[in-house]
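Q: Please take a close look at a single part of this model and describe how it is built and what lies around it. Give the cut-offs as you go.

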Amino acid sequence: MKKINTAIVGVTGAVGQEFLKLIEERNFPFGELKMLASSRSAGKKINFMGKEYTVEETTENSFDGVEVALFAGGSASKIFAPAAVKAGAVVIDNSSTFRMDPEVPLVVPEVNPQAIARHKGIIANPNCSTIIMVMALKPLYNLSKIKRIVVSTYQAVSGAGREGMEELKTQLEELARGEKIQPKILPVAKLEKHYQIASNLLPQIDIFMDNLYTKEEMKMIDETRKIMEDDGMKITATTVRVPVYRSHAESVNVEFEDEVSVEAARAALEKFPGVVVRDNPAEMIYPQPLETSGKDDVEVGRIRKDFSVEHGLNFWVCGDQIRKGAALNALQIAETFVKD
């Protein structure tokens, strides 16, 4: 396979570091590799696959000769993605900047790979919680059109970045020592008010919108409709931050147009690439964040009838939001693009 000159923007962050792990694990055919980050990280040395790389500051001139640019997310996308496209690169972007742009495909390769061909230089990676949910929704949607979805998420602190993980660790240590906790990051770092996450739950991820939903909740609603190409699908979401380091969990309730049995749903999920069914109540077997952390697959369990509606199912889904919810999904997009 042809080697692809590749850049990673935000290489020193959690998603950027995951990109490096996955590129090595999956044998991604990179040629030249540029490691880019903010000015704060410029000059750092990274040893990768037997070679030492120097992290460079990302500028509009960073993309000469780059064919695929993997953006880890954040404000850099809005500033530098257009420059990368202008230089001839295909951008695969983890930020929310371009997700709802009608000119930009929003892609989960197992779900809507056909959308990749419509790109005009930028391909958007969906929100991590959206990716985890649609991986389970797609095989079920293939059985019957979905009328309505009710989802509640239980999202790990790593979704708030390295700072979120450090804050949970610090607070747990402070609790053990009996010290007073002074939160500084969660639920939203840029806001003035913060709450303790250790031994607590926070029903707010991102800022509140005028409709009283959070931005994270609206991302799940809008992005799911776009990926599934069904603007009429009714969706409501509640997103919650929990004191777990890594791997998001979601409780999903689905109402179908036609009857879908538990057996048919389980069979469809078992056949779907990237999904593992872990569902044996008699043996207390079901997906858990601890067991899905560091894994590529999304796990589904607690599949059961919803007796309150005519054609309803409930299920529980867990997935590593740094891998499948971010870096892995983006790299799979790149792999599909390179192959095609």
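A: Helices (H or I, at least four residues) and strands (E, at least two) are DSSP runs, numbered from the N terminus. The part chosen here is helix H5, residues 215-228. The model is predicted, so local features need pLDDT of at least 70 and side-chain atom pairs count only at pLDDT 80 or more, while totals for chains, interfaces and linings use all residues. Residues are numbered from 1 along each chain as its sequence is written, and side-chain values use heavy atoms, without hydrogens and water.

H5 has 14 residues, and its first and last C-alpha atoms are 20 Å apart. That is close to the 20 Å expected at 1.5 Å a residue, where the expected span is 1.5 Å times one less than the number of residues.

Is H5 largely enclosed or not? Of its 14 residues, 10 are buried, so the rest of the structure largely encloses the helix. Buried means under 20% relative accessible area, exposed over 50%, and partly exposed in between (1.4 Å probe, protein chains only). The buried positions of H5 are Glu216, Glu217, Met218, Lys219, Met220, Ile221, Glu223, Thr224, Ile227 and Met228.

H5 also contributes to the second largest pocket, whose lining includes Lys215, Met218, Lys219, Asp222 and Glu223. Among these, Met218, Lys219 and Glu223 are buried. The rest of the lining is Ser96, Thr97, Arg99, Met100 and Met209. A pocket is an open set of points on a 1 Å grid over the protein atoms alone, where a 1.4 Å probe fits, with protein on both sides within 12 Å along at least five of seven lines; lining residues have an atom within 4 Å of a point. By class, three lining residues are nonpolar, two polar and five charged.

Before H5 comes the loop that links it to helix H4 (162-177), and Pro187 sits in that loop. The peptide bond from Leu186 to Pro187 is cis, with omega near 10°. Most residues other than glycine have a negative phi, and most peptide bonds are trans.

Two other loops hold non-glycine residues with positive phi. Met49 has phi near 55° and lies between strand E3 (45-48) and strand E4 (51-54). With a relative accessible area of 43%, Met49 is partly exposed. Met284 likewise has phi near 55°, in the loop between strand E12 (275-277) and helix H7 (289-292). Its relative accessibility is 60%, so Met284 counts as exposed.

Strand E11 (residues 248-256) is also largely enclosed by the rest of the structure, because eight of its nine residues are buried. Strands pair if DSSP finds at least two bridges between them. E11 runs antiparallel to strand E9 (residues 146-155), with eight bridges, and Thr153 stands opposite Glu250. E11 also pairs in the antiparallel sense with strand E14 (residues 312-319), again over eight bridges; there His248 has Gly319 as its bridge partner.

The disulfide count is zero, a disulfide being a pair of cysteine sulfur atoms within 2.5 Å. For Cys128, the closest cysteine sulfur is that of Cys318, at 13 Å, which is too far for a bond. Cys128 is buried at 15% relative accessibility, and Cys318 is buried with a relative accessible area of 0%.

Key: Ala, Val, Leu, Ile, Met, Phe, Trp, Tyr, Cys and Pro count as nonpolar, Asp, Glu, Lys and Arg as charged, and the others, Gly among them, as polar.
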